[in-house]
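This report walks through selected contacts, helix packings and charged pairs in the structure shown below. The reader may wish to keep the sequence and the 3D view at hand while following the residues named in the text.

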Amino acid sequence: METFAEFVAARGTSLLRLAHLACGSPHEAEDVLQTALERAYRHWSRLRAGSDPEPYVRRIIVNTAISRARRRAILSIIPTGTLPETAARNVTSGVELRQVLGAGLRALPPRQRAVLVLRFWEDLTEAQTAQALGCSVGTVKSQASKGLARLRLLIGADVMEVTRDA
Amino acid sequence: MLEHELRASMAEETASLTAAPDLVDRVVRLSRRRRRTRVGAVLVAAAVALGGFFVVDRETPVAATAYSGELPDVSFGYLPPGLGKPSKCEGTCVAWKGLKVTTFRSGEMEALGTTGPPSFIRDPQRVIVRGRSGFLSADGRDLFWAERDKWAVWVRADDPTQLLAVARGMRFTGVADDVFEGLRIGYLPDAVSLLSPSAPDGWTERRWWGENGAQVHLIAVRGSDATTLDRFLQEWGGRLSGLRREGEAYLATFEGGRARVWLQQRGLVFVLSVHGWIRTEFERIVAGITPFAEFPWPDSVDGVEVHYLPPGLDEKHTQTTELGEGWSAVRQAWTSPPSRAVAVIAYRGAERWLGKVMAGGKDVVLDARTGRREVRRQGDCMVYRGRNDIALVVKVCVSHDLSDQLERIVAQTQPPWR
């Protein structure tokens, strides 16, 4: 059976990347990953008795990231006060498009971001995503749909036509 | 495709990231440190053990009609369908077929008398309307309440099921008109109007927007993070700069606005921020915020009115408040020896906790005079969603010998309307 150290050595980088996408910040990602691994470490004997500990750790990562992002959101409300809507940008090049998408992903509400990361980065099914987030499949579908719609809005409908044609 | 580009974006963004070589050591050290200081997260389990949470949607009236016309300073967010055109009527009123709304201002109020129900409310029962004290006629067709000092409203509807919805959707212009999380917002500049209320997962909020960046934002945070102001700021406000303590609150002035953070009660912190050119109104807005008045009757459990209890439950037990991360629960019980008991619990806070309260049991639909109520039955308890915009779930439990009374009690509980 895999030891905790072996698990971290094998999956640490992958989990760090997940944490980074879920948090939107490299520094926060390290903190979230440590928190998640610490919790897994505490329960390692029980986890090992089951099968793969990764879904458990993944679940802690996304939920911790969501929780922290919500707290940050409150703080950001006070000093800014800017309107939530952002005008669509005219983005055409692939590199710039991906940069805009990255920024757009970070700007999404935490749960929407987590859904998109689990669905399109971790390639989880809707059911697996729902299980990781502790919500219904319907919520996953609607959050994914809203998240993608916001990204589309952000980069402009014209761009999507371009990328579809490409 | 967007999904493809999104994957590529994620891959680009994380390509250079690798886990630190000493990650395992750091985690082990962290675990040892935390083991020494860990106290509990136990409240969460206690909350779930409290019994049921459950969720029923009772939608607020939709602003489908937004009629404003002959009645000065009054508009309607909801009117029943098929009313036709309003007609004039005697006094300060507006009438449709089957619905009449009359307002009374200072002089007229004195004529009515302010100490008791007016004579046109037959067999009046005391009720809370829009957070105000009022009277409902026995046939459920007449409703009268004091909207504010020297300003009362009488709504008469042929269809009793529409009465509350009309009253609830009314808006009084020219003044603030909102009650939120136990606070009455007494003053807001005319330049802002309420956006759709929302309850993000973890706190609840009201936002009022106006032109040219005018904004008022009020946030309520519940739970163990909000037991003291210092704890709240430690957990939620670490990045807030420029906060200064002033009496029982913290104040902040930032570019483009001002903010106030205060502890309303143990487990409930409010954050008010005023942005843009209306920031000069900040102090007036703060002064206008007052705690929602407690009413002596009917019984109220954290704002949830209890209009019916089986006779003989004479012993009323002190409210208890449970606080967890992002949630709170207020419980009140009425008992009669040796075993008869009714308990009403109001759960407020983060959506995920309310979801846990609602989990389990069986869906039931109750018919109350105020309309249909969807509840979940969990043994000798019933739970329902009280309000979405302030994330409230109500649970009612009875001792087994009162289980035949449960539906009636639940049907006659009333979550805060505003």
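In this predicted model, A:Leu116, A:Val117, A:Arg119 and A:Phe120 of α6(A) meet B:Glu3, B:Leu6, B:Arg7 and B:Met10 of α1(B). Sorted by character, the residues that form this contact of α6(A) with α1(B) comprise five nonpolar, no polar and three charged. The helix of chain B that takes part, α1, covers residues 2-14, and it packs against α6(A) at an angle of about 95°, the two axes being 10 Å apart. Because angles of 65 to 115 degrees count as roughly perpendicular, α6(A) and α1(B) are described as roughly perpendicular to each other.

A second helix packing is found within chain A, where helix α1 (residues 4-23) and helix α2 (residues 26-42) pack at an angle of about 135°, with their axes 8 Å apart. The orientation of α1(A) and α2(A) is therefore oblique, and α1(A) passes α2(A) in a right-handed crossing. On the side of α1(A), the contact is made by A:Phe4, A:Phe7, A:Val8, A:Gly12, A:Leu15, A:Leu16, A:Ala19, A:His20 and A:Cys23, while α2(A) contributes A:Pro26, A:Glu28, A:Ala29, A:Glu30, A:Val32, A:Leu33, A:Leu37 and A:Tyr41. The residues of this contact of α1(A) with α2(A) divide into 13 nonpolar, two polar and two charged.

Charged pairs form the next topic. Side chains of opposite charge can pair when their charged atoms come close. Over all chains, a search of the whole structure finds 19 salt bridges, and the table lists three of these pairs with their N and O separations.

| Salt bridge | N to O distance |
|---|---|
| A:Glu122 with A:Arg58 | 3.1 Å |
| B:Arg122 with B:Asp142 | 3.0 Å |
| B:Arg376 with B:Asp363 | 2.6 Å |

In chain A, the side chains of A:Glu122 and A:Arg58 meet in a salt bridge. This pair links distant parts of the chain, with A:Glu122 in the loop between α6 (110-120) and α7 (126-133) and A:Arg58 in helix α4 (residues 54-77), 64 residues apart. Both A:Glu122 and A:Arg58 are buried.

In chain B, B:Arg122 forms a salt bridge with B:Asp142. B:Arg122 lies in the loop between α4 (106-112) and β4 (125-129) of chain B and B:Asp142 in strand β6 (residues 142-148), so the pair ties together parts that are 20 residues apart in sequence. How exposed or buried are B:Arg122 and B:Asp142? With a relative accessibility of 41%, B:Arg122 counts as partly exposed, whereas B:Asp142, at 0% relative accessibility, counts as buried.

The other pair listed for chain B joins B:Arg376 to B:Asp363. Here the link runs between strand β25 (residues 371-378), which holds B:Arg376, and strand β24 (residues 362-368), which holds B:Asp363, the two residues being 13 residues apart. B:Arg376, at 18% relative accessibility, counts as buried, because the cut-off for that class is under 20%; B:Asp363, at 58%, counts as exposed. Returning to chain A, salt bridges that share partners join A:Arg11, A:Glu54, A:Arg58 and A:Glu122 into one network.

Chain B can also be described as a whole. There are nine helices and 28 strands in chain B, and buried residues make up 50% of its 418 residues. Among the contacts in chain B between residues at least 6 apart in sequence, 54% join residues at least 24 apart.

Two individual residues of chain B complete the picture. B:Thr102 has its place in strand β3 (residues 99-105) and is buried, with a relative accessible area of 8%. Its C-alpha atom is separated by 7.4 Å from that of B:Gly91, which is 11 residues away along the chain. Leaving aside residues up to four places away in sequence, B:Thr102 touches B:Thr92, B:Cys93, B:Ala152, B:Val153 and B:Trp154.

B:Asp302, in turn, is found in the loop between β19 (299-301) and β20 (304-306) of chain B, and B:Asp302 is buried, with a relative accessible area of 19%. Which residues does B:Asp302 touch, not counting those up to four places away in sequence? They are B:Arg222, B:Gln319, B:Val330, B:Ala346 and B:Arg348.

Technical notes. Residues numbered from 1 in each chain as written. Chains lettered and ligands numbered in written order. Predicted model: local features only at pLDDT ≥ 70, side-chain atom pairs only at ≥ 80, totals over all residues. Heavy atoms only, no water. Salt bridge = Lys/Arg side-chain N within 4 Å of Asp/Glu carboxyl O. Helix = DSSP H or I, 4+ residues; strand = E, 2+ residues; numbered from the N terminus. Buried < 20%, exposed > 50% of the residue type's maximum accessible area, 1.4 Å probe, protein only. Axes fitted to C-alpha atoms, helices over the stretch in contact; angles between N-to-C directions. Parallel < 35°, antiparallel > 145°, perpendicular 65-115°, else oblique. Left-handed = near helix turned anticlockwise from the far one by under 90°. Contact = heavy atoms within 4.5 Å. Nonpolar A, V, L, I, M, F, W, Y, C, P; charged D, E, K, R; others polar.
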